[in-house]
Amino acid sequence: MAYDPQNIFAKILRGEIPCIKLYEDEHTLSFMDIMPQADGHALVIPKEGAETLLELSDDSAAACIKTAKKVAAAVKKAMDAPGIVIFQLNGAAAGQTVPHYHVHVLPSSLGAMGKGHASKMEDQAKLQAIAEKIRAAF
Ligand code: 5GP
């Protein structure tokens with residue numbers, strides 16, 4: 001399917017809607033997930049417009065993993081997490097809800113993720129406070 005430039009992450013990249021930013025470089029952006037599955041749930045997205053891993057360029061895919069590794073280290077430290085889960089969904093049939101490629105970075109383990117996927121908006125002040133701790137851990 002053709003990439004939809006009106007998706008929510010494309011709007012975040014263009015600065016049309018806000019996000020709680022954790023990290024940015026030439027090719028990627030990382031920010032807090034607005035409906036976290038665990039405290040410290042972060043997202044990493046490429047600046048390139050691609051819906052899934054299958055359309056993403058190899059360079060952007062590599063840049064996303066590089067950033068996910070940086071963010072994972074910061075999340076682990078900031079949240080004092082015993083482990084880190086990294087996952088990403090490709091296509092609505094796989095459960096992808098935002099059609100711009102992204103990597104999920106979560107503290108702890110799948111078993112400890114009490115909250116459902118993209119199910120409940122988090123309090124913004126709480127997200128800001130957690131983001132502050134993660135940014136300080138880079
Ligand atoms: P997906 O289901 O596509 O793998 O994941 C999309 C993720 O984006 C979900 O975890 C959901 O909570 C998050 N999300 C959806 N809309 C927004 C938004 O407007 N801002 C932020 N920061 N996260 C969002």
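**Exercise 1. Find the contacts of Ala63, leaving aside its neighbours within four places in sequence.**

Solution.
Step 1. Fix the term: contact means heavy atoms within 4.5 Å.
Step 2. Apply it. Ala63 touches His27 and Thr28 in this way.
Step 3. Check the backbone. Thr28 lies 35 residues from Ala63 along the chain, yet their C-alpha atoms are separated by 6.8 Å.

A word on the source: this is a predicted model, where local features need pLDDT of at least 70, side-chain atom pairs count only at pLDDT 80 or more, and totals for chains, interfaces and linings use all residues. Residues are numbered from 1 along each chain as its sequence is written, and side-chain values use heavy atoms, with hydrogens and water left out.

**Exercise 2. Place Ala63 in its element, then decide: buried or exposed?**

Solution.
Step 1. Ala63 sits in helix 2, residues 58-79. Helices (H or I, at least four residues) and strands (E, at least two) are DSSP runs, numbered from the N terminus.
Step 2. Take the cut-offs: buried is under 20% relative accessible area, exposed over 50%, partly exposed in between (1.4 Å probe, protein chains only).
Step 3. Ala63 has 13% relative accessibility, so Ala63 is buried.
Step 4. Widen the view. Of the 138 residues in the protein, 43% are buried.

**Exercise 3. Write down the order of helices and strands along the sequence.**

Solution.
Step 1. Count the elements: 3 helices and 5 strands.
Step 2. Read along the sequence. The pattern is α-β-β-β-α-β-β-α.
Step 3. Look at the contacts between residues at least 6 apart in sequence. Of these, 61% join residues at least 24 apart.

**Exercise 4. Describe the largest pocket and its lining.**

Solution.
Step 1. Define it. On a 1 Å grid over the protein atoms alone, a pocket is an open set of points where a 1.4 Å probe fits, with protein on both sides within 12 Å along at least five of seven lines; lining residues have an atom within 4 Å of a point.
Step 2. Give the volume: about 440 Å³. Volume is the space filled by probe spheres set on the points, which are joined across faces, edges and corners.
Step 3. Name the centre. Of the 24 lining residues, Ile8, Phe9, Ile12, Phe31 and Ile34 are the closest to it.
Step 4. Find the suppliers. Helix 1 (8-13), strand 2 (28-32) and helix 3 (124-136) each give at least two lining residues. Helix 1 gives the most, with 3 residues.
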